[in-house]
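Here are my notes on the model you sent round. Have the structure open while you read.

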Protein chains: 2
Amino acid sequence: MTGTARRPTIVDVARAASVSKSLVSAALRGEPGVSAASRSRILAAADELGYRSNGWAQRLVSGRSSLVGVLLTDLRNAYQTDIVNGIEDAAAAAGFDVVLSHGRRDRELLRERLASLTALGVDAVIAVTGHLDADDLAALADRVPMVVVGRPASVPDAAGWIRNDDETGARLAVAHLQERGHDRIAYVHGSSRPASIARRDAYRALVTEAREYDVHDDGIARLLDAVAAGGPTAAFAANDRIAAQIVAEAVDRGIRLPHDLAVVGYDNTELADLIRPGLTSVDQPRGEMGAAAMAQALGLLDGGVPEREVASPTLVVRGSS
Amino acid sequence: MTGTARRPTIVDVARAASVSKSLVSAALRGEPGVSAASRSRILAAADELGYRSNGWAQRLVSGRSSLVGVLLTDLRNAYQTDIVNGIEDAAAAAGFDVVLSHGRRDRELLRERLASLTALGVDAVIAVTGHLDADDLAALADRVPMVVVGRPASVPDAAGWIRNDDETGARLAVAHLQERGHDRIAYVHGSSRPASIARRDAYRALVTEAREYDVHDDGIARLLDAVAAGGPTAAFAANDRIAAQIVAEAVDRGIRLPHDLAVVGYDNTELADLIRPGLTSVDQPRGEMGAAAMAQALGLLDGGVPEREVASPTLVVRGSS
DNA sequence: CTGAAAGCGCTTACAG
DNA sequence: CTGAAAGCGCTTACAG
């Protein structure tokens, strides 16, 4: 029983090293004007006492947290992982730590998390989500540098923005199917958020007759019924998850892929590689997008103006088409 | 040009409401002994000025952050999502915010993140990972309440621990295959970490002849060669990802599932539902495990002793077996 | 090269 | 019910 040891502070170190706390502070931060003798005595004392600096105090006095908050729509969404990696690498290079927060695709929860993140005191927020719109973001964007990755309904003027070019992505997918000889191509979506709408519009512009299915309206079953009845011979899905569901149900029905039905997804997630047939999918440069988002956040912190960036997707062809 | 507005503090609010800052603090925190008149004047002034409390200062003075840090092995691992949800719900109920950090299966990075989390000043850490061992965790476990979810090589005495019962899970899987008439069952793994070893040992105890394959040693190809040569008729995989790879390569080779080869995975992730045939898999009660982890963390914060909990898995049968 | 003072924005006793 | 003082653990000028 030695009693509850109070966590040592800079003052304890100063006493142990017989110097002032100012000097301890300077030595600990590695400032130049400290004699080698004092420095080593201070470092030894700090080590001996098991001293750890108190982050709250440092941040209070410096006014900077060196923390960037990243808000994720949903951990389950494989699409975000590489974006986060991109952000983390760029953050580490700039001396920032990243804290992740997660909203489970629930707009209300996303709003709460966003508020918590700023209440935490992060220097900047990167929102990787299409589930919030300008109303949700605007209030905070005025108070903390913010950049949005993805395609929400709208982005506040004060926020930076980076997204992929959905129109080009959709064109790559549809043109690929057409080159493969398909002229009856369906579009299958699960929401009417901007990214999906943009992909749909690009699709519509390329096909002679639009055949659209909503997964929430039994769309996959209806699509496959139509396929069996001599309808579409190919389907472009708004994302890989939907594409995987189409593939799964098609296999269940004995529809041969890609012979009876070719399928193309969007996002080129891990899933595309794991299902059979492998899924042809549009790939966003996620790592780069994450790095660009962090770069913009740093720019905003330096007083820069918010930018709008659009990244170019590519097509990765696999066995499903 | 109104100049850079300094963020208002409690002192600004006090001045605007013509009261002392102590009273502002009391009113803002909703303490009882403040007259209705003062309270409403203070709240109005705070609102008017757009006052936001400074978290760093609050935490510095209170010594509590109401933050729990969660360290994730890898965002890509679908297994963790429900655990995180369980933690988040339990944390919210207790008035805690959750910050996530992510180590990309890289032990060195995981260690760094763990250090950052404690340097951030979280009140407790929950490590959802089997990639760190007691050495990595011990130093921190003495300084901050910590609970481990999963099965690392070892867990420090000072840390709480919750994991699933791998032996039971493996027994469920193997017994299921045996009931289906299989007597030549293979075990396919991708690492020699404790969870995998425990599953393997339970497997060995149940089969007459062990047939083990390591995915990093071309194991899946060798397994499928053996299957074609009249060897194993079933495979138990250490996790869903490996199981999905087996299924994919089997499909590529024209091996019929489950007729020529039955497959069972572990974790019952989303993947199990999306591939075809659907994957039979052992399910851990992830939400409950997350909630239990947070409960333990709160217990440790209240001076409780670390506990060791083991959750019971169940088997979810799908078309692959 | 080193120390004493002031201050970051808040909360916590303690008087009145 | 309200205010003045002290203090949380640090950093930032500023003297010497």
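The points below go from the pairing of the chains to the DNA, and then to some backbone details.

1. First, a caveat: this is a predicted model. Please read each distance and angle below as a value computed from that prediction.

2. How do the two protein chains relate? A turn of 180 degrees, with a shift of 0.0 Å along the axis, lays chain B on chain A with an RMSD of 0.1 Å. That is what a two-fold axis does. The same surface serves both copies, as 100% of the contact residues of chain B recur in chain A.

3. On to how chain A is laid out. It divides into domain 1 (10-62), domain 2 (67-164 + 286-313) and domain 3 (166-283). Domain 2 is written as two stretches, so keep both in your selection when you colour by domain. Taken over C-alpha atoms, the centres of domain 1 and domain 2 of chain A are 36 Å apart.

4. There is also a record to set beside that. An unreviewed UniProt entry annotates residues 8-62 of chain A as "domain: HTH lacI-type". In the model, that span is 69% helix and 0% strand, and its end C-alpha atoms lie 21 Å apart.

5. Now DNA strand D. It is surrounded by 25 residues, and the closest are A:Lys21, A:Ser25, A:Tyr51, B:Ser22 and B:Ser38. By class, this surface has ten nonpolar, eleven polar and four charged residues. Helix H2 (21-28) and helix H4 (55-62) of chain A, along with H2 (21-28) and H4 (55-62) of chain B, each supply at least two residues. H4(A) has the largest share, four residues.

6. Which parts of strand D does the protein approach? Of the strand D atoms within 4 Å of the protein, 63% belong to sugar or phosphate and the rest to bases. A base contact to look at is A:Lys21, with a polar side-chain atom 2.3 Å from a base nitrogen of strand D. On the phosphate side, a backbone N or O atom of A:Ile10 lies 2.6 Å from a phosphate oxygen of strand D. A:Gln58 uses a polar side-chain atom instead, 3.1 Å from a phosphate oxygen of that strand.

7. DNA strand C comes next. Of the 25 residues around it, A:Ser22, A:Ser38, B:Lys21, B:Ser25 and B:Tyr51 come nearest. The classes here are ten nonpolar, eleven polar and four charged residues. H2 and H4 of chain A and H2 and H4 of chain B each give at least two residues to this surface, and H4(B) gives the most, with four.

8. For strand C, 66% of the atoms within 4 Å of the protein belong to sugar or phosphate, and the rest to bases. A polar backbone atom of A:Ser20 is 2.9 Å from a phosphate oxygen of strand C. From chain B, polar side-chain atoms of B:Arg29 and B:Gln58 also lie by phosphate oxygens of strand C, B:Arg29 at 3.2 Å and B:Gln58 at 3.1 Å.

9. Last, some backbone details. The peptide bond from A:Arg276 to A:Pro277 is cis, with omega near -5 degrees, and A:Pro277 is in the loop between helix H12 (270-274) and strand S10 (280-283) of chain A. In chain B, a cis bond joins B:Leu257 and B:Pro258, with omega about 0 degrees; B:Pro258 is in the loop between helix H11 (240-253) and strand S9 (262-266). A:Arg105, though not a glycine, has a positive phi near 55 degrees.

Methods. Residues numbered from 1 in each chain as written. Chains lettered and ligands numbered in written order. Predicted model: local features only at pLDDT ≥ 70, side-chain atom pairs only at ≥ 80, totals over all residues. Heavy atoms only, no water. Least-squares fit on C-alpha atoms with pLDDT ≥ 70 in both. Contact = heavy atoms within 4.5 Å. UniProt positions renumbered as here; feature names shortened; annotations may be inferred. Near = heavy atom within 4 Å. Polar contact = N/O pair within 3.5 Å; in protein donor to acceptor, adjacent residues only side chain to side chain. Nonpolar A, V, L, I, M, F, W, Y, C, P; charged D, E, K, R; others polar. Domains from an automatic or database assignment.
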